[in-house]
Amino acid sequence: MKRWELALLVVLVAEIAIFATANPKFLMPRVIFGSINDIIPICIISLFVTMVMITAGIDIQAGAVVGLASIVLGVSWQDLGLNIWVAALFAIAVAALVGLLTGYIVAYFKVQPMVVTLGGSFLYAGLALLVSTLSSTESYKGISGFPDSFTSFASYRIGGVLPVQVVVFLVMAVFAYVLLHRTKYGRKIFLIGINQNAAEYAGINTRFIIMTTYVLSSISAAVAGIVLTSYLGTAKSDLGASLTLPIITAVVLGGTLMTGGKGSIIGTALAAVIIGELKFGLPLCFRVNMQYLDIPVGVLLLVVVSARAVASRPGFQVLVHKLKSHGRN
Amino acid sequence: MLLKLLRRYELKALAFLLGMFVIVTAVNPSFMSAESLTNCFNDSVVFTLLAVGAGFVILTGEIDVSVGSVLGISSAVAATCLRDGGSLPTAVCLALLIGAFVGLVNGIGVAVLKIPSLIFTLGTYGVARGAVYVYTGGAWVENLPAWFTGASHSYIAGYLTWFYAGVVLLVVAAQILISCTHKGRNFIAVGDNINGARLVGINPTQTKIWAFVLSGVFASLAGILFTSRIGFITPMSGNSYEMKAIAACVLGGISLSGGLGTLVGAAIGAVIMTSITRILVFLGLSSNYDNTITGIILIVIVVVNTVIQDRAILNSHREISLKRIAKEAFKE
């Protein structure tokens with residue numbers, strides 16, 4: 001395990017220890033796993049946005065895709081009469097298509113990823129709203145009344161304790177880990193992020209691989225949208241509206257370099273859980289108002305990246321070296 | 001001459017805006033009235049200020065996603081001050097100070113600590129948004145004095161508001177600043193080639209800090225106009241405006257990689273962004289199409305522009321190599 005991931009793990013353990021001493025209830029499996037629903041979309045999506053960011057891209061449309069997947073699922077179930085699981089697959093397919101379009105524009109037209117996904121975040125949020133008007137239900141109400149087999153999915157506990165969402169997250173994390181760190185495909189992603197021209201000269205189809213990272217992140221957004229819909233029991237077009245910034249926060253906090261070429265799935269997963277537990281633990285253990293939670297998350301991000309920037313400065317490292325040798329004498 | 005002018009991106013954006021107006025008029029002639037046309041401009045004051053502020057930062061090659069939150073916190077503070085009987089200068093000064101302070105923090109984080117701007121401003125975005133909740137206690141700020149909310153409806157001539165006239169003056173002043181003054185030209189120099197700028201004696205750190213401070217100040221000014229126009233402030237005021245401001249800059253021809261574009265372009269982009277909603281009404285479409293159309297326009301414009309640029313670069317490469325070949329053939 002690398003140093004950064006170790007640091008994140010220490011932060012996570014310290015965080016849990018602080019919350020547990022403040023309120024012992026925090027450690028109860030029912031409570032700690034009950035919090036998972038609010039953070040599961042961030043956890044799932046940030047895993048795959050990590051891959052996009054390692055290719056030196058960025059994906060700020062994932063939040064919009066969550067809403068799109070949710071409403072496509074709802075409308076195709078209620079108004080097209082599809083089986084709920086077929087509808088879920090259909091939603092994933094739509095999201096994959098959407099990711100393909102974005103990825104194609106980024107990779108083959110070489111437009112800045114930030115601009116394309118910014119446009120995408122408007123476009124897909126708008127499409128989601130339009131899809132919701134196709135339904136016979138008013139769009140602000142959302143579509144509900146899903147069959148029990150679907151809504152009970154999110155409340156099912158394996159062995160009475162472990163929620164299915166956690167398993168979904170773990171499975172996707174392992175999948176992402178193997179894909180990024182243990183396959184040729186993953187090595188190619190890293191090489192593209194370090195130097196796209198070099199990768200191209202090395203015979204890698206860089207455009208195709210960049211495109212697929214956007215498809216993967218959109219599919220993960222769709223999965224998150226379906227899990228969220230199952231938990232809430234309601235399909236709405238604006239479910240993911242506030243997810244974009246926490247996702248980027250998790251990826252960056254996890255040690256992924258914005259300029260590409262560096263990053264890890266474990267780091268992202270740890271960072272996502274840290275943010276999630278912070279958002280859950282502060283109101284529970286310290287009675288912090290839910291609406292104030294942007295502040296601790298923002299402060300955490302600022303402190304961590306600032307500390308990291310200061311620590312990586314040559315001057316600081318010389319100072320550390322001096323202190324160490326001073327200690328020895 | 002005319003063709004050369006059309007190559008300038010902000011003129012293309014202006015042509016696009018006029019084209020949009022012409023199409024809408026063709027579909028629904030009632031659009032072509034002085035009132036609805038000027039309203040397209042009057043409505044854009046908030047986004048114009050946000051986009052121009054963000055434009056300073058984007059020109060230097062950075063990005064500022066905290067402008068929506070800065071608008072939120074400065075408008076909340078200004079509105080509370082006015083509601084409790086404070087004078088206008090006090091409220092404006094408070095708002096501008098907050099904007100300048102957040103901008104300064106952003107600038108120091110990005111330029112001195114060398115943290116990627118998206119990440120750092122993402123952090124201040126969260127903190128500033130949370131601060132709005134803390135400051136207002138989650139409640140709305142209402143019952144603002146009538147003279148303040150009425151100010152947004154006072155007209156300078158015909159249907160044109162004082163607000164838009166003032167904003168136009170500000171945009172022109174900002175454009176003169178960055179294209180005609182030494183300090184101002186540094187913004188573009190730093191965005192275009194930071195190492196080159198350093199070599200010719202420009203201080204990139206200082207320039208970037210100024211860009212962020214200006215962005216914060218413009219965002220808080222936008223907050224004051226926003227308060228006057230809307231008449232009340234919720235804790236969510238200005239939420240997600242940063243994305244629209246950045247989109248307006250892109251529509252107006254500012255390149256997100258820095259060094260390319262004008263603030264006038266950003267202002268035109270902001271008018272395009274805000275006109276879309278109004279135009280949809282005249283086209284008989286519901287406002288549900290708002291985001292879809294915005295997204296499509298943004299993506300199509302950027303793709304077309306990139307393709308044209310790439311082709312121009314390829315052509316110039318080809319011309320250069322053709323010339324070289326001709327030269328060598330001539331030698332032999």
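**Exercise 1.** Which domains does the domain assignment of chain B give?

*Solution.* In this predicted model, chain B is assigned a domain 1 that covers 2–285 and a domain 2 that covers 290–332. As a next step, the C-alpha centres of these two domains of chain B can be located, and they lie 31 Å apart. Turning then to the residues that meet, 11 residues of domain 1 of chain B are in contact with 9 residues of domain 2 of chain B.

**Exercise 2.** Find which residues touch the most other members of the largest nonpolar core, and explain why this core lies between the two domains of chain B.

*Solution.* The core holds 198 residues, and those touching the most other members are Ile45(A), Leu47(A), Met51(A), Leu50(B) and Phe56(B). Helix H3 of chain A, residues 36–54, contributes the largest share of this core, with 14 residues. Because domain 1 (2–285) and domain 2 (290–332) of chain B both give residues to the core, it lies between them. To look at one member in detail, take Leu47(A), which, when neighbours within four places in sequence are left aside, is in contact with residues including Phe169(A), Met172(A), Ile265(A) and Thr268(A).

**Exercise 3.** Describe the second largest pocket and its lining.

*Solution.* Begin with the space in this pocket, which is about 1500 Å³. Its lining is made of 40 residues, and nearest the centre lie Leu257(A), Met258(A), Thr259(A), Pro116(B) and Ile119(B). Sorted by class, the lining has 22 nonpolar, 11 polar and 7 charged residues. Finally, consider the helices: H14(A) gives the most to this lining, with 4 residues, while helices H7 (117–136) and H10 (182–192) of chain B are among those that each supply at least two.

Note on methods. Residues numbered from 1 in each chain as written. Chains lettered and ligands numbered in written order. Predicted model: local features only at pLDDT ≥ 70, side-chain atom pairs only at ≥ 80, totals over all residues. Heavy atoms only, no water. Core = buried A, V, L, I, M, F, W, Y, C linked by side-chain atoms within 4.5 Å. Buried < 20%, exposed > 50% of the residue type's maximum accessible area, 1.4 Å probe, protein only. Domains from an automatic or database assignment. Contact = heavy atoms within 4.5 Å. 1 Å grid on protein atoms, 1.4 Å probe; cavity = no way out; pocket = protein on both sides within 12 Å on 5 of 7 lines; lining within 4 Å. Points joined across faces, edges and corners; volume = space filled by probe spheres on them. Nonpolar A, V, L, I, M, F, W, Y, C, P; charged D, E, K, R; others polar.
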